[in-house]
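Me: I would like a close look at a single part of this assembly, with every term given its cut-offs so that I can reproduce the reasoning. Please keep to what can be computed from the coordinates, and set the part in its surroundings afterwards.

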Amino acid sequence: MRERIAGGYDNFVIPFMIGIIFLLVYLFIGLIRILKHVPGEDRKRLFLSFVNPKIIIKDLRDIICDCLLHVKIFKRNILLGYMHASIAFGWFMLIVIGHIEVALFVPQRNGSLYYPVFYRFFVAEQNYTLKGAFFFFLMDFFLLIVLGGVGLAMYKRVRSIAMGMRRTTKPCFADRVALYCLWSIFPLRLLAEGFTAGISGGSFLTKPVNMLFANFFGNDLNIYPTWWAYSIALGLFFLAMPFSRYMHIPTEVLLIVMRNAGLKVTRPRKGFAEAEIYSCSSCGICLDACPMNVQKKNINYSSVYFIRFLRRHNTRKINEIADKCLMCGKCVVLCPVGVESCNIKMAQRGTVTEKLPYDYSYLQEIHAPVKEKKEKVLYFAGCMTHLTPSIIKSMQKIFEAAGEDYYFADSDGGLCCGRPLMMAGKKEAAKELIKKNSELFMASGCETIVLSCPICLRVFKEEYRLPGIKLLHHTQYIDSLIKEGRISVNKDDTSFVYHDPCELGRGCKIYDEPRNVVAALGELRHASKEKKESICCGGSVGSLTLNFDDRAKITRESIKALTVENPDKIITACPLCLKTFSDQSMVPVNDIAEAVAEKIA
Amino acid sequence: MNKNVMVIGGGPCGLEASAQLHKMGYNVILIEKEKQLGGHLAKWDRLFPEGIEAKEVLQPLVDNINGVKYFLDTEVVSINLLDKEYNVILSNGITVLSKAVLMTSGFDLFPAEKKEEYGYGIYDRVITNADLEKFFATGKDPRVVENPKRIGFVHCVGSRDEKAGNRYCSKVCCATAVKQACEMKALFPDAEIFCFYMDLRMFGRGYEDMYLKAQKDYGIRFIRGRVSEVSETLEKQVLVKAEDTLSGKPLKVTLDLLVLMAGMQNAKSGIRIGEMISMKRSDDGFFTTKGSILSLQECDKAGIFYAGACTGPKTLPDTLNEARAAAVSIHNYFNKEN
Amino acid sequence: MDFGYSLSPSSRIDLDLFDRNRFNTLAEIEPDVLKCMACGSCTATCTAGKYAKNSLRSAILYLQNGQDKQALEYLKPCMLCGKCFMVCPRGINTRHLILSILKIYNNAK
């Protein structure tokens, strides 16, 4: 290979250089800002993660899978996944190969920002040499891949449903600028490299383009304008990037590294949260996910818009959306980037609610009961379960049938677990309840706590420190009783569908045990949306402002999804879901404990 | 001319309307889905405010329909409008062509098990107002223990309750509760009796007197607070939680028997028929009448008439008056048509 | 005329003290405050109410009677568990109402 342009510089690289330098400076400042706002302890944890080989490997794997190959999107929809992967991975390879070419053939240009990008302009090579044939082929090949992706992206704008998306986000101005630049970058590159292929060489893609256009124009006058256009498109894209959704491309890497280091959201807008916010690709998968969107008017309350308003510092809107959210977590598990918007919303609620007065001095008066006997199993029904006595009665029957020596801890009502307070953003207040409850449980001397309420279970698992105590939801407990043969149930031909409560499924990742139990009772049918895609019952204590009528609409939608295969019964495993569904459903609704107690042999 | 009138529902309303229409010379066809006439009245023991026996009211109503064609155990299979006449196909195979159809399909009692926190069907000592009437009539109910020491009545079960889907007041439960409370006290003089109410609606003639008697003569304790949850003690008694809103304190009480005053909702059987020819229903689930004051008996579909509890909760006297009013409305309708 | 009884504060509710503007602000943020029919379900079922004086029904009443400070005292022990939301026959969004009262009347005298 030989340098075609002496000095290795041409004016057309200026727009590109402005863009890329601006972007790099912006990213650098942003990085410093985020690190500054991360609490000291977290910062230490982050730096330590860079010397922990396990975390490094995880970082690399996640970056390759999520940022380049977009495995999560592939799992959702192959075409959508291919679109993302082809652009990201293809572009990445173009950059990498460009740099390899520079390093191998024009090492004197190492370190130049623009040289690898405009390599074909500056360097000439015959395509029949091995070097030329190989690298030029690779470059053309990846360019083709990217072009395919861009084509799909354009098609998606017109018909998103083809890629499994019913709704997509409304792009803002910067999004549009960046989007059109992105669309034009690669076709322009093809043209630029095509026009230049006669001089600099090319491969299966650029050569034919060259010949085609040479026939039209018969001269090389188009070379400069296309390289200029290509450079301008790139420069504009980089300039618009910090203000557009495409900021997710660089930020996601930071997010992955921070998340793997174990960082958590502490403030709604700063530190780790900022990394989350800028990692949002605004793809709009959360639009279809959000259960509130059964009503069109609620679309503006989706996580993607919440994050957009966070970026714009629109406090009124931010609070409005944060308060409305049901905290069902569906947008979080489906988010291809894994933005934990629920945590950001809780932190945001905290900015308002943490300051509010509370008085839990009565906690001091509560003491663990003095008991002679120390039962190994403790049953904690939870506040809500006291409104669904059928669950309590059924659990008592099951405990007796299994011959379990258990203690009913909150038979006369207990303290709240703290999760509702956390969801309202009152973390400090929640800590007081968590501390008191932990004391009481540790004093009981139990080995296992069986809980009926998934809301309690989740906060027990995430926030309580109960060394030596196993936490089980009653679905898990019943499943183990059946597996160990401690109870047996009569199976018949009743058909059931199982509803995954948000806090049990997405919250605690318990999907299989309840299904095992239901399958032991009768025929298990499917819902149109289930497991991690299950639709919230609408009764969630997560939302602060969603009113009763809007909730009822969500309930109906959820029931509709559950009854697509006409089951005889809907089975759920949360007192809140049970109550909410029972009010609306035509199909009988039971808790899993009721269904088991009914058929106990 | 065809003077057929189809009456759907053989409760007190359907009976009275049929009798009146028959007297006016119409050819009445009355159908009842149950195996006996009388609807809820046939299952009730005594009626407020004076405590008259339900039989005493029902018997004359049944006697009066002499000459009316009626079918028991019969439902409407289909109904549709054929050139100004309704073509009604019945489950017994008979087809009726009738210019006027009177809906006297009445009400269903709110299924008390839907308010799970009250434990109906879960706890042994919880019954409904209807169960209690049956107990009065037969003297038998395993859930009513011998000599109960404390008995509670919960007003507004499935009424005035958005969560139950019924925002409206069912009108008759307050008076029924007071009546039943007095009867229980008479049966079990040693028992303490509590009525948990939100507002006591003693609107009718003689109702306030009944309330006064309940306080003065029977010593019924009225607690202004809605019961929020019920649990079971080890002795299978029920522990009731409410707020005594007048003293502003939460209270609990252990009871031997809890009676739930289940409210009214539009009868499912009536709704099913209504849907066949898309009769309008309001938010509360009851059929929409043409006007809210002047034309209470008419539907906005010509030839369809309403009487009784299918257009909202009503007392028995209200219902019987509506039955007569509907007969007049139907008569006027026939006269206008000719 | 002053008969010199003013030393002992009156136990009578003084509706002149009712802060209408503030109550309207509350009703704007959470209109459900207007829906309460004082049935007491919330107080009866209250998890915190077992241990301390906690009553949303009373708090609303105190607000309407111009006794803002008492209203706050009746809400401070609340653990936001949401049981009251489940039992309210009027479907009042109780948790948001409680937070809104605490927010708006936080500096009540």
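The part I have in mind is chain B, followed by the chains around it.

Reply: The model is predicted, so that local features need pLDDT of at least 70 and side-chain atom pairs count only at pLDDT 80 or more, while totals for chains, interfaces and linings use all residues. Residues are numbered from 1 along each chain as its sequence is written, and chains are lettered from A and ligands numbered from 1 in the order in which they are written.

Chain B contains 7 helices and 20 strands, where helices (H or I, at least four residues) and strands (E, at least two) are DSSP runs numbered from the N terminus. Its C-alpha atoms occupy a box of roughly 65 × 35 × 35 Å along the principal axes. The radius of gyration of chain B, taken over C-alpha atoms, is 21 Å, which agrees with the value near 20 Å that a compact globule of 338 residues would have; the globule rule behind that value is 2.2 Å times the number of residues to the power 0.38.

Of the 338 residues in chain B, 50% are buried, a residue being buried if 20 or more other C-beta atoms, placed from the backbone, lie within 10 Å of its own, exposed if 12 or fewer do, and partly exposed in between. Two residues are in contact if their C-beta atoms, placed from the backbone, lie within 7 Å, and among the contacts in chain B between residues at least 6 apart in sequence, 66% join residues at least 24 apart.

The domain assignment, whose bounds come from an automatic or database source, divides chain B into domain 1, made of 4-106 together with 267-337, and domain 2, which covers 112-262. The C-alpha centres of these two domains of chain B lie 31 Å apart, and where the domains meet, 12 residues of domain 1 are in contact with 20 residues of domain 2. The domain 1 side of that contact consists of 4 nonpolar, 2 polar and 6 charged residues, with Ala, Val, Leu, Ile, Met, Phe, Trp, Tyr, Cys and Pro counted as nonpolar, Asp, Glu, Lys and Arg as charged, and the others, Gly among them, as polar.

Outward from chain B, its contact with chain A takes 11 residues from chain B and 10 residues from chain A. On the chain A side, helix H18 (389-401) and helix H25 (575-584) each supply at least two residues, and by class that side divides into 3 nonpolar, 4 polar and 3 charged residues.

Chain A itself has 26 helices and 10 strands, and its C-alpha atoms fill a box of roughly 95 × 55 × 45 Å along the principal axes. Buried residues make up 48% of its 601 residues, and 76% of the contacts in chain A with a separation of 6 or more come from residues 24 or more positions apart.

Chain A also touches chain C, in a contact that takes 25 residues from chain A and 22 residues from chain C. On the chain C side, helix H5 (83-87) and helix H6 (94-104) each supply at least two residues, and H6(C) gives the largest share, 5 residues. Chain C has 6 helices and 0 strands, and 51% of its 109 residues are buried.
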